[in-house]
Amino acid sequence: MADLVTHTCVAWLLKPSPRGRATFVLGTCVPDLLGRVPSMGLTTLRWSVHAIPEWTIYVWSPFHMPIGVLASSALIAFFFPEDRRRTAFGWLVAGGLLHLAVDLLQRHFGVGYLLLFPFSWMDFEIGWIGSEDTVRIVPFLVPLTLLVAWYRRRRDARAGPGRPDRA
């Protein structure tokens with residue numbers, strides 16, 4: 001959960017303009033929501049219901065790879081009005097790629113990230129922080145994000161009407 005909060009805060013901080021911000025932030029959450037949450041739930045369920053096949057846990061992993069970011073962004077973009085789909089797709093992909101870039105900073109005990117899947121099984125990671133370090137980062141990142149959000153709202157209110165809409 002801390003990892004999802006971290007991705008949300010980083011996306012909010014890196015997208016200063018309100019135009020497309022919500023879609024961009026959603027894009028940063030999608031890789032974990034589609035690629036991690038179902039497998040975590042099925043793993044927990046498998047501990048008590050042994051009839052769940054093991055492959056159902058791992059089938060979600062491609063959503064946490066660039067190919068999955070593209071596929072899920074295309075699918076989610078279809079829920080937007082037709083004239084905004086292309087823009088929504090762009091913001092969703094940008095958010096998903098930011099998610100993967102932030103994840104690359106982590107080091108793992110096992111396999112890193114398969115960024116070139118299905119073309120290569122070579123894994124990548126930079127290894128600057130541990131995969132659980134987000135728990136220690138969140139208490140600083142959330143207040144910083146709230147402070148920046150407050151500042152931006154105040155700045156935009158002073159700017160008055162004519163601000164860009166929130167595509």
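**Exercise 1. Describe the surface and the overall architecture of the protein.**

*Solution.* The exposed area of the protein comes to about 10400 Å², and carbon and sulfur atoms supply 71% of it. The model under study is a predicted one. Its secondary structure consists of 7 helices and 2 strands, arranged along the sequence in the pattern α-α-α-α-α-α-β-β-α. Along the principal axes, the C-alpha atoms fill a box of roughly 60 × 40 × 35 Å. Of the 167 residues, 35% count as buried. Turning to contacts between residues at least 6 apart in sequence, 59% join residues at least 24 apart.

**Exercise 2. Identify the residues of the largest nonpolar core and state which elements supply them.**

*Solution.* The first step is to list the members. The largest nonpolar core holds 8 residues: Cys9, Val10, Ala11, Phe24, Val25, Leu98, Val102 and Leu141. The next step is to assign them to elements. Two or more residues come from each of α1 (2-14), α2 and α6. Helix α1 gives the most, with 3 residues. The last step is to examine one member, leucine 98. Apart from its neighbours within four places in sequence, leucine 98 is in contact with Val10, Ala11, Leu14, Phe24 and Thr28. Of these partners, Val10, Ala11 and Phe24 are themselves listed in the core.

**Exercise 3. Classify the aromatic pair of phenylalanine 24 and tryptophan 91, and determine which helices it ties together.**

*Solution.* A search of the whole structure finds 2 aromatic pairs. In the pair formed by phenylalanine 24 and tryptophan 91, the distance is 6.0 Å centre to centre, with 75 degrees between the planes. Ring centres must lie within 6.5 Å to pair, and planes over 60 degrees apart count as edge-to-face; the pair is accordingly edge-to-face. Phenylalanine 24 belongs to helix α2 (residues 21-35) and tryptophan 91 to helix α6 (residues 85-104), so the pair ties together parts that are 67 residues apart in sequence. As for accessibility, phenylalanine 24 is buried at 8%, whereas tryptophan 91 is partly exposed at 26%.

**Exercise 4. Explain why cysteine 9 and cysteine 29 form no disulfide.**

*Solution.* The search of the whole structure finds 0 disulfides. The closest cysteine sulfur to that of cysteine 9 belongs to cysteine 29 and is 9.7 Å away, which is too far for a bond. The cut-off for a disulfide is 2.5 Å between the sulfur atoms. Seen from the other side, cysteine 29 is likewise in no disulfide, its nearest cysteine sulfur being that of cysteine 9. To complete the description, burial is considered. Cysteine 9 is buried, with a relative accessible area of 7%, and cysteine 29 counts as buried at 10%.

**Exercise 5. Locate threonine 145, give its contacts, and describe what sits over the ring of tryptophan 12.**

*Solution.* Threonine 145 lies in helix α7 (residues 134-159). Its relative accessibility is 8%, so threonine 145 counts as buried. With neighbours within four places in sequence left aside, threonine 145 is in contact with Cys9, Trp12 and Leu13. One of these partners, Cys9, is also a member of the largest nonpolar core. Another partner, tryptophan 12, has the charged end of arginine 21 over its ring, 4.3 Å from the ring centre.

Note on methods
Residues are numbered from 1 along each chain as its sequence is written. This is a predicted model: local features need pLDDT of at least 70, side-chain atom pairs count only at pLDDT 80 or more; totals for chains, interfaces and linings use all residues. Side-chain values use heavy atoms; hydrogens and water are left out. Rings of Phe, Tyr and Trp (its six-membered ring) pair if their centres lie within 6.5 Å; planes under 30 degrees apart count as stacked, over 60 as edge-to-face and the rest as tilted. Helices (H or I, at least four residues) and strands (E, at least two) are DSSP runs, numbered from the N terminus. Buried means under 20% relative accessible area, exposed over 50%, partly exposed in between (1.4 Å probe, protein chains only). A charge sits over a ring if NZ of Lys or CZ of Arg is within 6 Å of the ring centre and within 35 degrees of the ring normal. Contact means heavy atoms within 4.5 Å. Accessible areas come from the Shrake-Rupley method with a 1.4 Å probe; for residues, only the protein chains shown count as cover. A nonpolar core is a set of buried Ala, Val, Leu, Ile, Met, Phe, Trp, Tyr and Cys residues joined through side-chain atoms within 4.5 Å.
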